[in-house]
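Colleague: Could you take me through this model, beginning with the terms you rely on and moving from the sheet to the charged side chains?

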Amino acid sequence: MVRAIRGAIQVDANDRGAIIEATTELVSEMMGRNQLTTDDVISVLFTASPDLTAEFPALAARKLGFHDVPLICCTEIDVPGALPRVVRLMAHVETDRPRSDIQHVYLRGAVALRQDIAQ
């Protein structure tokens with residue numbers, strides 16, 4: 001089955017190292033909580049809030065071994081009052097887990113975005 005997994009993390013600063021470090025944490029948590037390998041991942045869509053411009057979040061996934069996984073980065077809609085410095089992801093994966101067992105990952109300040117599903 002194909003499942004979608006959502007996640008987000010608030011980044012400390014618009015800094016290349018901070019974006020890579022936070023995205024690495026987010027991707028690693030998503031993979032670990034859902035017991036996935038890169039072979040299970042079909043594709044990942046990353047978005048960054050408009051105030052994050054120092055690096056592409058997908059670079060962190062490449063550094064984690066996502067060499068043959070299609071990745072793309074986009075800018076999130078600039079909604080007034082939105083949480084700043086946020087990287088989001090939506091990963092499409094192959095898994096036998098039922099939808100109710102999928103672990104969506106919201107970390108740091110991004111927990112406030114989806115308190116209904118954040119673990």
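Modeller: A residue counts as buried under 20% relative accessible area, as exposed over 50%, and as partly exposed in between. The model is predicted, and by these cut-offs Glu21, with a relative accessible area of 39%, is partly exposed.

Colleague: In what order do the five strands form the open sheet?

Modeller: The pairing in this sheet is mixed, and the twist averages 15° from one strand to the next. Strands β3 (71-75) and β5 stand at the edges with a single partner strand each, so one side of each is left without a neighbour in the sheet. The order of the five strands is β3-β2-β4-β1-β5.

Colleague: At about what angle to β5 does α1 run?

Modeller: Helix α1 lies across several strands, namely β1, β2, β4 (86-94) and β5. Relative to β5, helix α1 runs at about 145°.

Colleague: Which residue is the bridge partner of Thr47 in β3?

Modeller: Thr47 lies in strand β2, which covers residues 41-48, and β2 pairs with β3 in the parallel sense over five bridges. Leaving aside neighbours within four places in sequence, the residues in contact with Thr47 are Cys74, Glu76, Val86, Val87 and Arg88. The bridge partner of Thr47 in β3 is Cys74.

Colleague: Is Thr47 buried or exposed, and with which residue does its side chain share a polar contact?

Modeller: The relative accessible area of Thr47 is 13%, and because buried means under 20%, Thr47 counts as buried. Its side chain is joined by a polar contact of 2.5 Å to the side chain of Glu76.

Colleague: How far apart in sequence are the parts that the salt bridge between Asp12 and Arg108 ties together?

Modeller: Side chains of opposite charge can pair when their charged atoms come close. In the salt bridge between Asp12 and Arg108 the closest N and O atoms are 3.7 Å apart. Asp12 lies in the loop between β1 (2-10) and α1 (16-33), whereas Arg108 lies in the segment after β5 (105-107), so the pair ties together parts whose separation in sequence is 96 residues.

Colleague: Are Asp12 and Arg108 buried, partly exposed or exposed?

Modeller: Asp12 has 59% relative accessibility, and because exposed means over 50%, Asp12 counts as exposed. Arg108 has a relative accessible area of 31%, so Arg108 falls between the two cut-offs and is partly exposed.

Colleague: How far apart in sequence are the parts tied together by the salt bridge of Glu55 and Arg16?

Modeller: The side chains of Glu55 and Arg16 meet in a salt bridge with an N to O distance of 2.6 Å. Glu55 is buried at 18% relative accessible area, while Arg16, at 43%, counts as partly exposed. Because Glu55 lies in the loop between β2 and α2 (58-63) and Arg16 in helix α1, the pair ties together parts that are apart in sequence by 39 residues.

Colleague: Which residues are linked with Arg108 in a network of salt bridges?

Modeller: The side chains of Glu21 and Arg108 meet in a salt bridge of 2.9 Å, N to O. That pair links distant parts of the chain, with Glu21 in helix α1 and Arg108 in the segment after β5, 87 residues apart. The residues linked with Arg108 in the network are Asp12, Glu21 and Glu25.

Technical notes: Residues are numbered from 1 along each chain as its sequence is written. This is a predicted model: local features need pLDDT of at least 70, side-chain atom pairs count only at pLDDT 80 or more; totals for chains, interfaces and linings use all residues. Side-chain values use heavy atoms; hydrogens and water are left out. Helices (H or I, at least four residues) and strands (E, at least two) are DSSP runs, numbered from the N terminus. Buried means under 20% relative accessible area, exposed over 50%, partly exposed in between (1.4 Å probe, protein chains only). A polar contact is a pair of N or O atoms within 3.5 Å; within protein, one must be able to donate a hydrogen and the other to accept it, and residues adjacent in sequence count only if both atoms are side-chain atoms. Contact means heavy atoms within 4.5 Å. A salt bridge is a side-chain nitrogen of Lys or Arg within 4 Å of a carboxyl oxygen of Asp or Glu. Two strands pair if DSSP finds at least two bridges between them. Axes are lines fitted to C-alpha atoms, for helices over the stretch in contact, and angles run from 0 to 180 degrees between N-to-C directions.
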